[in-house]
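Work through these exercises with the structure open beside you. Try each task before you read its solution.

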Amino acid sequence: MATILKDDRFSRTGISEAEWKVRVDLAAFYRLSALYGWDDFIYTHISARVPGPDHHFLINPFGLMFDEITASSLVKVDLDGNVVGESDYGINYAGYVIHSAIHGARDDAHYIAHFHSADGMAVSAHAKGLLPLNQRALALIPRLSYHDYEGVALNLDERERLVADLGDTKVMLLRNHGTLALGASPGEAWSGIYQLESACTAQVRSLSVGRDNVLIAPEEAQAEVKRQMSRERQPVEGRRTHYDLVWEAALRKASRQAAGYDA
C-alpha cells in the first residue's frame, strides 16, 4: 500500500486554489507512474508549472519515492533552481536542469514527465530508435524527437541543445537515457508518456523473438497513419477533450489504487 505522508513538514498553508489543483494532479501523476512501474527509486521526475506570472514549477522532493508523493510534499522552485517556500527536502539537480530547460522554453509545457524505465532505456539505446512495429509506434514516430546522450544532466549548457532537439515535439527519446513527454494539461502529458512507454515495451518484446522474425509495418500503412494523426482535432466548446477523458479515467484509477495523493 502506498505511504501517505502526514506530518508537519508538509503544509497547504499559503497555497492558492489554482496551485493546489496543479499539486493534486501532479501528485496523482507520480502515484500512477509508480503503479505502472515507471518509477526509478528516488530518481527521475515529473514537473508541473505553477499558475501565475512567476515561472515557478513543482517537482518531487529528492528523497521520496513516487508512491510517497503527496500534493503538499511537492517542492516549488524557480527557473534558477531556488526552492520557493519551505521544504525539508531539496531537489535532484539533474531533474532541475532538464525540466527548467523545457519549462523555460515552451509555453505549452505545463507538465513534463521524464523516466528511466527498463524498456524506455532499451529503445533509447537502439541505433534506429523507435521502430514502426505496431500502431502505437506508428502514431508516435512522426512526432518523436531525439536528444543524444551527453552524460548525467548536470551541465547547464546542455539545456540549449536539449530544447533545440525537442523543437516543437511533445515526445522524446533521450539517447542511452530514457523517455520524456510534455503537455499543456496533465492528460496530454500522461497520454504522451503512456503511449511512448507502451510502444517501447512492445518493441522490446517484439525484438525478443529475433530481428528476422519481426514484421515492419508496410510503408503505405505507415504513411496512412501519419496522415490520420496529422488531422487537427478541433475541440468542441463545452465538450471534454480526449485528454480530459484520459485524465479523468487516470484520476479514478489513482483514487482506487493509490489513495492519499491529494493530502
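## Exercise 1: A patch on the surface

Task: in this predicted model, find which residues form a nonpolar patch on the surface, and state their accessible area together.

Solution. The patch is made of Tyr 93, Tyr 149, Val 152, Leu 154 and Leu 156. Together they have about 470 Å² of accessible area. Now place one of them. Leu 154 sits in the loop between strand 6 (144-147) and helix 5. Its relative accessibility is 44%. Exposed requires over 50% and buried under 20%, so Leu 154 counts as partly exposed.

## Exercise 2: The nonpolar core

Task: describe the largest nonpolar core, and say which helix gives the most to it.

Solution. Start with the count: the largest nonpolar core has 62 residues. Next, pick out those with the most contacts inside it: Phe 29, Tyr 30, Ile 46, Ile 102, Leu 130, Trp 190 and Ile 193. Then turn to the helices. Helix 1, residues 17-35, gives the most to this core, with 10 residues.

Now take Trp 190 and set aside its neighbours within four places in sequence. Its contacts are then Phe 29, Leu 32, Ser 33, Tyr 36, Trp 38, Val 246, Trp 247 and Ala 250. The general background is that nonpolar side chains tend to be buried together in soluble globular proteins.

## Exercise 3: Salt bridges

Task: state how many salt bridges the whole structure holds. Then sort three pairs by the burial of their partners.

Solution. The search finds 10 salt bridges. Side chains of opposite charge can pair when their charged atoms come close.

Step 1. Glu 19 pairs with Lys 76, with 3.0 Å between the closest N and O atoms. Glu 19 is in helix 1 and Lys 76 is in strand 3 (residues 75-77), so this bridge ties together parts that are 57 residues apart in sequence. Check burial. Glu 19 has a relative accessible area of 5%, so it is buried. Lys 76 is at 17% and also counts as buried.

Step 2. Lys 170 and Glu 188 meet at 2.7 Å, N to O. Lys 170 is in the loop between helix 5 (158-166) and strand 7 (171-174), while Glu 188 is in helix 6 (residues 186-207). They are 18 residues apart. Lys 170 is partly exposed at 27%. Glu 188 is buried at 12%.

Step 3. Arg 240 and Glu 248 also form a salt bridge, at 2.7 Å, N to O. Arg 240 is exposed, with a relative accessible area of 51%. Glu 248 is partly exposed at 29%.

Step 4. Look for a network. Salt bridges link Arg 106, Asp 108, Lys 170 and Glu 188.

## Exercise 4: Positive phi in one loop

Task: compare Phe 41 and Thr 44. Which is buried and which is exposed?

Solution. Begin with the backbone. Phe 41 has a positive phi of about 55° although it is not a glycine. Thr 44, not a glycine either, has a positive phi of about 65°. Next, locate them. Phe 41 lies in the loop between helix 1 and strand 1 (45-49). Thr 44 is found in the loop between helix 1 and strand 1 too. Finally, read the accessibility. Phe 41 is at 52% and counts as exposed. Thr 44 is at 1% and counts as buried.

## Exercise 5: Around His 114

Task: place His 114 and list what its side chain meets in polar contacts.

Solution. His 114 lies in strand 5, residues 111-115. It is buried, with a relative accessible area of 1%. Leave out residues up to four places away in sequence: His 114 then touches Thr 44, His 45, Ile 98, His 99, Leu 174, His 177, Thr 179 and Leu 180. Thr 44, from Exercise 4, is on that list. Now the polar contacts. The side chain of His 114 meets that of His 116 at 3.3 Å. It meets that of His 177 at 3.1 Å. One distance remains: the C-alpha atoms of His 114 and Gly 95 are 8.7 Å apart, with their positions 19 residues apart along the chain.

## Exercise 6: A contact from helix 6

Task: which side chain makes a polar contact with the side chain of Thr 201?

Solution. Thr 201 lies in helix 6. Its side chain contacts that of Asp 119, at 2.7 Å. The C-alpha atoms of Thr 201 and Ser 117 are separated by 9.5 Å. Along the chain, Thr 201 and Ser 117 are 84 residues apart.

Methods: Residues are numbered from 1 along each chain as its sequence is written. This is a predicted model: local features need pLDDT of at least 70, side-chain atom pairs count only at pLDDT 80 or more; totals for chains, interfaces and linings use all residues. Side-chain values use heavy atoms; hydrogens and water are left out. A nonpolar core is a set of buried Ala, Val, Leu, Ile, Met, Phe, Trp, Tyr and Cys residues joined through side-chain atoms within 4.5 Å. Buried means under 20% relative accessible area, exposed over 50%, partly exposed in between (1.4 Å probe, protein chains only). Helices (H or I, at least four residues) and strands (E, at least two) are DSSP runs, numbered from the N terminus. Contact means heavy atoms within 4.5 Å. A salt bridge is a side-chain nitrogen of Lys or Arg within 4 Å of a carboxyl oxygen of Asp or Glu. Patches are made of residues with over 30% relative accessible area and no salt bridge: like charges are joined within 9 Å, nonpolar side chains (Val, Leu, Ile, Met, Phe, Trp, Tyr) within 5 Å. Accessible areas come from the Shrake-Rupley method with a 1.4 Å probe; for residues, only the protein chains shown count as cover. A polar contact is a pair of N or O atoms within 3.5 Å; within protein, one must be able to donate a hydrogen and the other to accept it, and residues adjacent in sequence count only if both atoms are side-chain atoms.
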